[in-house]
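Hello,

Here is the structure I promised to pass on. Please have a look at it first; my notes follow below.

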Amino acid sequence: MTDPRRQIPRTDAVLDDPRFAALITQLGRERVKAAVQEAQQRAREGGIGSAEVMDTALAQLGSTGLRPVVNATGVVLHTNLGRAPLSDAAVAAVVAAAGYTDIELDLATGRRGRRGRTAMAALAANVPAAEAVHVVNNNAAALALAATALAQGKEIVISRGELIEIGDGFRLPELLTSTGARLREVGTTNRTHLRDYAEAIGPHTGFVLKVHPSNYRIEGFTHAPSIAELATLGVPLVGDVGSGLLRQEPLLPDEPDAATWLAQGADLVTASGDKLLGGPQCGLLLGRADLVERLRRHPLARALRVDKLTLAALEATLSAPFLAALHYGQDELRVRAERLAVRLRESGVEALAVDSEGAVGGGGAPGVRLASAAVSLPEAFAEPLRKGDPPVLGRVERGRCLLDLRTVADDDVLFAAVATNGPNGW
Ligand SMILES: *Cc1c(COP(=O)(O)O)cnc(C)c1O
């Protein structure tokens, strides 16, 4: 018996291959050699076959660690898949802004201009109820900036029903107190009244914070004062809408939006840019001009500022804010599922078109199910598809691997992935 490890190609032989020679010119010999040695090591450990060493090294050199994934989960804002996908217009804007760009220059006068003024103008135009706007790295940064600038050494009054954990172990209460603000918790988990807030307010109050419970629901015997009621308390009212809806979305009637909260009396609203707005990761701050200006001029604001790529993507998103995946009707998804299932059966894959239920996900509209359609495959497809190229992520339900088409951008890509990356024996 020959030791299969003997068949692992030698480094010199691999580097002499013309495909690697081109990469050496591009990336440098050391980098290419390291990738080859890593692939050889994986072959020695049995993770890949000897014959796969070259392809594995090539694949690693040809991409960054971030690989495009086909999202067939039906979850529109999948946190583990980077939340909202950017629109084509936003991608084009990012590419255009990647080189030198007039981010802080007024080309008409040749003088310094306000950073990202066109993106800020687009945001302001989308929410006329906001006197002023600002953009930071994410919603957590927006809250940290508000707490630092408006409540350091003071109290933030907040309901016990709104002390939320966002994800990955990060908790809003801890984020807020890390800025030097103190929390003044009022009410109970399920019921908090206006008088609870009123009794807690005093000379130490920085602001009242209303947080939308965007990733959970409290049902049954519950009460929370409205924004309009909280606005009567005589101290600044900051509202975290979370999802980033700028105005009402008929599809999601229970999801709050920035314009409505501002119209009802919130002084400042914070939101994420990469949830239901469908833009890049960023945090939006909208509201009273004096408060936004205090935040914008606070020293911490500089540490939270967004880069030109984010501003470019945000501005393009705002010119057509529309998360396509949210709006597909079930009928058009069924037609796609049927067509794809037929093509797959013709290629010998046991595929069926079925109805399915997707979700908004990503900390938005927790109770909402989106009627959808999927291609149903044997469960054995799930793992090879996830490990394939491109990786396809589906949902395993009751012994079947479901590929939900609501979140799939290109059915041809999905077809090719399933036809070529299925489990052995199909
Ligand atoms: C998602 C969310 C956050 C965190 O937003 P990031 O943009 O991820 O920092 C904070 N508050 C609420 C209510 C949220 O839904």
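In what sense do β13 and strand β14 pair, and over how many bridges? They run antiparallel, with eight bridges between them. Strand β14 covers residues 369-378. One facing pair to look up is S356 and S372, the latter in β14. Bear in mind that this is a predicted model.

Now the sheet around that pair. It is an open sheet of four strands, in the order β13-β14-β17-β16. The pairing is antiparallel. At the edges sit β13 (352-359) and β16 (395-397), each pairing on one side only. On average, neighbouring strands of this sheet are turned by 45 degrees against each other, direction ignored.

A helix belongs in this picture too. Helix α16, residues 330-346, packs on the sheet. It touches β13 and β14. The direction of α16 makes about 5 degrees with that of β14.

Next, please turn to strand β4, residues 132-136. Is β4 buried or exposed? Five of its five residues are buried, so β4 is largely enclosed by the rest of the structure. The cut-off for buried is under 20% relative accessible area. Both faces of β4 are covered. A132, H134 and V136 are buried on one side, and V133 and V135 on the other.

Which strand does β4 pair with over five bridges? The partner is β12, residues 283-287, and the sense is antiparallel. Within this pairing, H134 stands opposite L285 of β12.

Best wishes

Methods:
Residues are numbered from 1 along each chain as its sequence is written. This is a predicted model: local features need pLDDT of at least 70, side-chain atom pairs count only at pLDDT 80 or more; totals for chains, interfaces and linings use all residues. Side-chain values use heavy atoms; hydrogens and water are left out. Two strands pair if DSSP finds at least two bridges between them. Helices (H or I, at least four residues) and strands (E, at least two) are DSSP runs, numbered from the N terminus. Axes are lines fitted to C-alpha atoms, for helices over the stretch in contact, and angles run from 0 to 180 degrees between N-to-C directions. Contact means heavy atoms within 4.5 Å. Buried means under 20% relative accessible area, exposed over 50%, partly exposed in between (1.4 Å probe, protein chains only).
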